[in-house]
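User: I'm new to reading protein structures, and I'd like a close look at one part of this one. Could you walk me through a single strand and the things around it?

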Amino acid sequence: MQTDSGEVQHFVVSQADLQYKRAILLDEVISVRIDKVELKPASIIFYQSIYRNLPNHGTTETDNSQLLSSTKIVIACVQNLVKPEPMSNDEIGSDKPDTAATTPPMRPIRVPKKLRVTIEQAIDEQVNGQQ
């Protein structure tokens, strides 16, 4: 994602916590739900659950599914600090130290305002739609 000032921002998975409750079978139709979203200054946290749809036997929709997995995924907003530089023929195969290895490759930055507002609106619509 490119900012108005031309800087490039990336979104990377910085943490994934998965708890498997039951096996998920190959070619099985499942439902992935976002249960909750938290906005932090430099990250977005998604809480998700995965369900198997069970045959309907006159029960309600919530009784008609089986929890297979729950997850917490943290997406961090970062900026790349390493600028790619072309290598000269003299540097190829040399023992010259790699500056990219000593430079921190990314730094956390704030989630862009437009994206934050869009996510907040979607959360509000979801909450208001459930009431």
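**A close look at strand S4**

Analyst: Let's start next door to S4, with Ser43, which sits in strand S3, covering residues 43-53. One thing to keep in mind is that this is a predicted model. Ser43 has a relative accessibility of 13%, and the cut-off for buried is under 20%, so Ser43 counts as buried. What does Ser43 touch, once you skip the neighbours within four places in sequence? The contacts are Glu38, Val74, Ile75, Ala76 and Val111.

Now for S4 itself, which spans residues 65-80 and includes Thr71. How do S3 and S4 line up? They pair in the antiparallel sense, over 11 bridges. To see one pairing on screen, find Ile45 and look across to its bridge partner in S4, Val74.

S3 isn't the end of the story. S1 is also joined to S4, by 11 bridges, and these two strands run antiparallel. Here you can pick out Ala16, whose bridge partner in S4 is Ile73. Then there's strand S5, residues 106-108, which is joined to S4 by 3 bridges, again antiparallel. Gln79 has Arg107 as its bridge partner in S5.

So how enclosed is S4? Of its 16 residues, 12 are buried, so S4 is largely enclosed by the rest of the structure. Thr71 is a nice case to zoom in on: its relative accessibility is 12%, which means that Thr71 counts as buried. Leaving out residues up to four places away in sequence, Thr71 touches Asp17, Leu18, Phe46, Tyr47 and Gln48. You can also try a distance: from Thr71 to Asp35, C-alpha to C-alpha, is 9.8 Å in space, and the two are 36 residues apart in sequence.

Next, the nonpolar side of things. In soluble globular proteins, nonpolar side chains tend to be buried together. The largest nonpolar core here has 5 residues: Ile44, Cys77, Ile109, Val111 and Ile119. Take Ile109 from that group: not counting residues up to four places away in sequence, Ile109 touches Gln9, Pro41, Ala42, Cys77, Val78 and Gln79.

For contrast, move over to Asp27, in the loop between strand S1 (9-20) and strand S2 (30-39). Is Asp27 buried or exposed? With a relative accessible area of 74%, Asp27 is exposed. Asp27 also has a positive phi of about 70°, although it is not a glycine.

Definitions and conventions
Residues numbered from 1 in each chain as written. Predicted model: local features only at pLDDT ≥ 70, side-chain atom pairs only at ≥ 80, totals over all residues. Heavy atoms only, no water. Helix = DSSP H or I, 4+ residues; strand = E, 2+ residues; numbered from the N terminus. Buried < 20%, exposed > 50% of the residue type's maximum accessible area, 1.4 Å probe, protein only. Contact = heavy atoms within 4.5 Å. Core = buried A, V, L, I, M, F, W, Y, C linked by side-chain atoms within 4.5 Å. Pairing = 2+ DSSP bridges.
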